[in-house]
Amino acid sequence: KGKAEEVPMAPHGWLETVRAFTATTSPDWVLDVTRRVGPVCRVRLPIPGPVFVVADPEVARTILADTSSYKPGSIYGVMRGITAGVDTLFTTLHSGPASPWAAARKGVVPAFQPRCLEHFRTVVEAHFEAWAQEVLEPLASSGGHLDICPELLRLTLSVICDAGFGYAMRPDETEQFLADIEETCQEYVRRQPANPLRALLSPVLPEGRSAARAAERVMQLGARVLDAH
């Protein structure tokens, strides 16, 4: 509530902000800004209207759940690129009981009933035990090194597909999916928001065409998972 001018402004020009947002260290830059300026602040960007950064989870939840708040497609709609332009439960700009996705949100509630959560716990334990035996123990015995982030991504993906959908992802599917998500995020979440003209030129840019193919593969994998379920 209140006027935009009442929200503190980050002490950076728009060019510096664009460079920071498009750098690989952008999460660290945003975190540093919110720590110095405040959990809710404005940043300068060469687009119409004020741009806010919200690092307070309660405030972010309130904004996303408020049906009267404006959610510009230039910011929220970029996620549709990852799903090959298909609107989904997670990329829609509509919220609240009037949303066409309200029924879909209610439909996932039974998945979190106690009996389902117990099944999830069992699957998680089985996958973690297998991962520990196949990956951790050999590395511990040989004194090898482990890049924990990609390992946990693979483990998490296999657990979600198995526990939620009964789908056993093959190793090649896992690697392809993670590579495709990385490629689509780079194009649709990082490059295109920083350059409004890039979205228009994407079909003629090699990186844009490659990201579009990656998004199609992501959706095809999702279809296979749902078909198996």
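**Exercise 1. Aromatic pairs**

Is W29 buried or exposed, and at what relative accessibility? Determine also how the rings of F21 and W29 are arranged in this predicted model.

*Solution.* Step 1: W29 has a relative accessibility of 15%. Residues under 20% count as buried, so W29 is buried. Its partner F21, at 27% relative accessibility, is partly exposed.

Step 2: The ring centres of F21 and W29 lie 5.5 Å apart, and the planes meet at 75 degrees. Planes over 60 degrees apart count as edge-to-face, so this pair is edge-to-face.

Step 3: The structure holds 2 aromatic pairs. The rings of F128 and W131 have centres 5.6 Å apart and planes at 50 degrees, so that pair is tilted. F128 and W131 are 3 residues apart in helix α6, which means a separation of about one helical turn. F128 is partly exposed at 43% relative accessibility, whereas W131 is buried at 10%.

**Exercise 2. A nonpolar surface patch**

Identify the residues that make the nonpolar surface patch of about 390 Å², and the elements that give two or more residues to this patch.

*Solution.* Step 1: The patch is made by F128, L136, L146, I148 and L152.

Step 2: Two or more residues come from each of the elements α6 (114–142) and α7 (148–165).

Step 3: L152 lies in helix α7. With a relative accessible area of 38%, L152 is partly exposed. F128, another member of the patch, is partly exposed at 43% relative accessibility.

**Exercise 3. Salt bridges within and between helices**

Compare the settings of the salt bridges E118–R121, E151–R154 and E187–R198.

*Solution.* Step 1: The count comes to 14 salt bridges; a salt bridge requires a side-chain nitrogen of Lys or Arg within 4 Å of a carboxyl oxygen of Asp or Glu.

Step 2: In E118–R121, the closest N and O atoms are 2.4 Å apart. The two residues are 3 residues apart in helix α6, hence about one helical turn. E118 is partly exposed, with a relative accessible area of 38%, and R121 is partly exposed at 40%.

Step 3: In E151–R154, the closest N and O atoms are 3.3 Å apart. These residues are 3 residues apart in helix α7, again about one helical turn. E151 is buried, with a relative accessible area of 17%, whereas R154 is partly exposed at 27%.

Step 4: The side chains of E187 and R198 meet at 2.9 Å, N to O. This pair links distant parts of the chain, 11 residues apart: E187 belongs to helix α8 (residues 171–194) and R198 to helix α9 (residues 196–201). E187 is buried at 0% relative accessible area, and R198 is buried at 14%.

Step 5: Salt bridges that share partners join R170, D172, E173 and R224 into one network.

**Exercise 4. Cysteines and confidence**

State how many disulfides the structure holds, and where in the protein chain confidence is lowest and highest.

*Solution.* Step 1: The structure holds 0 disulfides. C116 is buried at 17% relative accessibility, while C149 is partly exposed at 48%.

Step 2: The protein chain averages a pLDDT of 84, and 88% of the residues score at least 70.

Step 3: Confidence is lowest in helix α4 (residues 73–76), with a mean of 63, and highest in helix α10 (residues 206–228), at 93. Where pLDDT is low, the predicted coordinates should not be read in detail.

Terms used
Residues numbered from 1 in each chain as written. Predicted model: local features only at pLDDT ≥ 70, side-chain atom pairs only at ≥ 80, totals over all residues. Heavy atoms only, no water. Disulfide = S-S within 2.5 Å. Buried < 20%, exposed > 50% of the residue type's maximum accessible area, 1.4 Å probe, protein only. Patch = residues over 30% accessible without salt bridge, like charges linked within 9 Å, V, L, I, M, F, W, Y side chains within 5 Å. Areas by Shrake-Rupley, 256 points an atom, 1.4 Å probe, with all protein chains shown as cover. Helix = DSSP H or I, 4+ residues; strand = E, 2+ residues; numbered from the N terminus. pLDDT = per-residue confidence, 0-100. Phe/Tyr/Trp six-rings, centres within 6.5 Å; stacked < 30°, edge-to-face > 60°.
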